Amino acid sequence: MRIVGLPGRNPETEAWLEVLLASVAPDHAEVQVHRYRHWDEDAVPDLAGEIACAEVKGADLVVAKSMGTLVLLGAVASGKAPDCAVLIGTPLAACGSEERRALRGLADLIPCCFIQQREDFTGSSAELAEVLGPAATGLNVVEGSDHVYADTDELARCIAAWQAEL
């Protein structure tokens, strides 16, 4: 099994995602966390560049957080779809109409689990449910408003329950 992690914009999310993936990955899984170039260059993120180099095609599972969800959407739009995906903290405030349509269509393309804080300041769970429409059946609501998603045990439980239903 190949699992790819697409962290958020901030470098701190790399270690956070490694912890989360360690708790959901089977022992034999190959786990890779994508490292963004802007972390080393202290620069503005280059979303198009990250989409181009994201190695998600053919991954059994992609777990994406915040900016990583945008990278995933772009990769899928360019024909690089994984087998299934978990999207945590989708930043609706950064999504235009094209990204919102892509979110709605993603769950029709591959199995998806969405995890969103009830009051996430980048987009609440209710806003995400509205964007997803019928695909919102894969939406897990967690408490919070800070967009941090610090409780990796709770996230792992959401992911495990979703995987058990696949």
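**Strands, burial, cysteines and a pocket**

Q: What makes S3 and S4 a pair of strands?
A: Strand S3 (residues 61-65) and S4 are joined in the parallel sense over 4 bridges. Strands count as paired when DSSP finds at least two bridges between them, so 4 bridges are enough. One facing position is Val62, opposite Ala85 in S4, and another is Val63, opposite Val86 in S4. Strands (E, at least two residues) and helices (H or I, at least four) are DSSP runs, numbered from the N terminus.

Q: What kind of structure is this, and how are its residues numbered?
A: This is a predicted model, in which local features need pLDDT of at least 70 and side-chain atom pairs count only at pLDDT 80 or more, while totals for chains, interfaces and linings use all residues. Residues are numbered from 1 along each chain as its sequence is written, and side-chain values use heavy atoms, leaving out hydrogens and water.

Q: Which other strands pair in the parallel sense?
A: Strand S1 (residues 2-6) pairs with S3 over 4 bridges, and the bridge partner of Leu6 in S3 is Ala64. S4 is also joined by 4 bridges to strand S5 (residues 112-117), and the two run parallel. Ile88 stands opposite Ile115 in S5.

Q: What makes the unit of S3, helix H4 and S4 right- or left-handed?
A: The β-α-β unit of S3, helix H4 (residues 67-77) and S4 is right-handed. That label applies if, with the strands pointing away from the viewer, the path from the first strand over the helix to the second runs clockwise. The crossover from S4 through helix H5 (residues 97-109) to S5 is right-handed as well.

Q: Why is S3 said to be largely enclosed by the rest of the structure?
A: Buried means under 20% relative accessible area, exposed means over 50%, and partly exposed lies in between (1.4 Å probe, protein chains only). In S3, 5 of the 5 residues are buried, so the strand is largely enclosed. Leu61, Val63 and Lys65 point one way from S3, and Val62 and Ala64 the other way.

Q: Is Leu72 of helix H4 buried or exposed?
A: Leu72 lies in helix H4. Its relative accessible area is 0%, so Leu72 is buried.

Q: How do you know that there are 0 disulfides?
A: A disulfide is taken to be a pair of cysteine sulfur atoms within 2.5 Å, and a search of the whole structure finds 0. Cys53 has its nearest cysteine sulfur, that of Cys95, 19 Å away. For Cys113 the nearest is that of Cys158, at 6.4 Å. Cys53 counts as partly exposed because its relative accessibility is 33%, whereas Cys113, at 0%, counts as buried.

Q: What makes a pocket, and what lines the largest pocket?
A: On a 1 Å grid over the protein atoms alone, a pocket is an open set of points where a 1.4 Å probe fits, with protein on both sides within 12 Å along at least five of seven lines; lining residues have an atom within 4 Å of a point. The largest pocket is lined by 14 residues, and Gly8, Arg9, Ser66, Met67 and His147 lie nearest its centre. Its volume, the space filled by probe spheres set on the points, is about 260 Å³.
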